[in-house]
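Student: I should like to learn how to read a ligand site, a nonpolar core and the cysteines in a model. May we take them in that order?

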Amino acid sequence: MSTIDPVETRSSRRRAREAFELAFSARPQWIARAPGRVNLMGGHVDYNQGVVLPVAVELDVAVAYKPRQDRLVRILSVNFDQRAEFDISELIPGSVSGWAAYPAGVAWSLAQVGLAVNGLDAAVAGNIPIGGGLSSSAAVEVAFALAFRQASGLDLPELELAKLAQTAENQFVGVNCGIMDQVVSACAESGSALLLDCRSLEFRHVPLPTGLRIVVLCTGVERELRSSEYNKRRRECEEAVTRLAAVDPDIRTLRDVEPEQLASLTRHLPAPLDRRVRHVVGEIERVYLTTAALEHGEIERIGELMYASHRSLRDDYEVSSNELDALIELARQAPGIVGARLTGAGFGGCIVNLVGAALTDEFVASVSQGYEIAFGHRPVAYISDAAAGATIQPVDR
Ligand code: GLA
């Protein structure tokens, strides 16, 4: 187990811009930025082709850059205090490692589909805790995807950029993530959650009720097992599909299992596959129910669904941790709470809470106090509204 460093909460844009000026003794021409996210509902559903309901948050990654005429990329990472350099023509998976694999992967994945990608000089800074379950990786990928698109004069919509960013992470970085994080980082709208169908990739914006704020509470504990356990869950889902397809050939993904079929179908599955499937099918249903509850302003119902989701992630999907469960119990009793669940892949990381806007400070104080008594340190808290997706803007002269 390792502890996540406290994050720098100053503006990512300003830090990236200042770092660029120092590193390259010139002004950057553009700043691309992309947000992190929480997942309001739909945990471990994207790679099962289901529907998810993530929200972009006000934490972000910014890339201050200047396009180059050649294919060289030179990047300074403010967070890692390191520089990296690569030639886009020479990239192959494995040729760049560490943090620079993310921007390199994006350039590689654009080039892989036959696009002519130009180089750039860049400084990157972010305030999303790394490895904390708030999608700092997707934000880095999407911010660089926007930068490469502009620097290369490419005509690609945001959704295509999100798909190429996912390809970068899957095939270049070697992390088997789904599509949710990249799409919400690229396509979110301020004030709304994004209802995304991970099969068709159609999405729509679902406004959040006014008077509520998103409070993210981070355990500060990251489990090293995260990626191996994540991949194990993916394999379990694939195995469940293979077994279920033998019973019903129409089942090609867990998305194809209807809630009414659940009881009869899970009889054909050994433990823990039966529980994994019950989580995924129930969670997809909860995404639709949460969307309806948001649209009808049924605040209490949203809370019930969030707690039900957390229980399912804890008991059936088994991706929670003691710290996350403790945060949920403390949140449930704190002032202003509407609902809470773990967000991201789990195995440590953060919980997302919906809290009445007037009571967020009391809420954070109450949970922090209880958590400190139990674990000896306070959770890191972020209070955010639903933020907009990635943007790019010229730097003022
Ligand atoms: C990680 C992955 C996502 C998604 C979530 C779990 O954040 O990157 O694609 O699978 O876990 O919902």
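Student: Which residues surround the ligand?

Tutor: The model is a predicted one. Around the ligand lie R37, G43, H44, D46, Y47, C177, G178, M180, D181, Y230, G344 and A345. By class, this shell holds five nonpolar, four polar and three charged residues.

Student: Which polar atoms lie close to oxygen atoms of the ligand?

Tutor: A polar contact pairs N or O atoms within 3.5 Å. Here a ligand oxygen is 2.5 Å from a side-chain N or O atom of D46, and a ligand oxygen is 2.6 Å from such an atom of Y230. For H44 the partner is a polar backbone atom, 2.7 Å from an oxygen of the ligand. Of the 310 Å² that the ligand exposes when taken alone, the protein buries 92%.

Student: Which residues touch the most other members of the largest nonpolar core?

Tutor: They are F148, I214 and F363, in a core of 128 residues. Beyond its neighbours within four places in sequence, I214 has contacts that include V38, V55, L208, V352, Y382 and I383. A separate second core has 12 residues, among them A16, I31, A123 and A125.

Student: How many disulfides are there?

Tutor: A disulfide is a covalent bond between the sulfur atoms of two cysteines. The count in this model is zero. C187 is in no disulfide, and the nearest cysteine sulfur, in C198, is 12 Å away.

Student: Why is C198 not bonded to C177?

Tutor: The C177 sulfur is the closest cysteine sulfur to that of C198, but at 11 Å it is too far for a bond. The cut-off is 2.5 Å.

Student: Are C187 and C198 buried or exposed?

Tutor: C187 is buried, at 11% relative accessibility, and C198 is buried at 6%.

Definitions and conventions: Residues numbered from 1 in each chain as written. Predicted model: local features only at pLDDT ≥ 70, side-chain atom pairs only at ≥ 80, totals over all residues. Heavy atoms only, no water. Near = heavy atom within 4 Å. Polar contact = N/O pair within 3.5 Å; in protein donor to acceptor, adjacent residues only side chain to side chain. Areas by Shrake-Rupley, 256 points an atom, 1.4 Å probe, with all protein chains shown as cover. Nonpolar A, V, L, I, M, F, W, Y, C, P; charged D, E, K, R; others polar. Core = buried A, V, L, I, M, F, W, Y, C linked by side-chain atoms within 4.5 Å. Buried < 20%, exposed > 50% of the residue type's maximum accessible area, 1.4 Å probe, protein only. Contact = heavy atoms within 4.5 Å.
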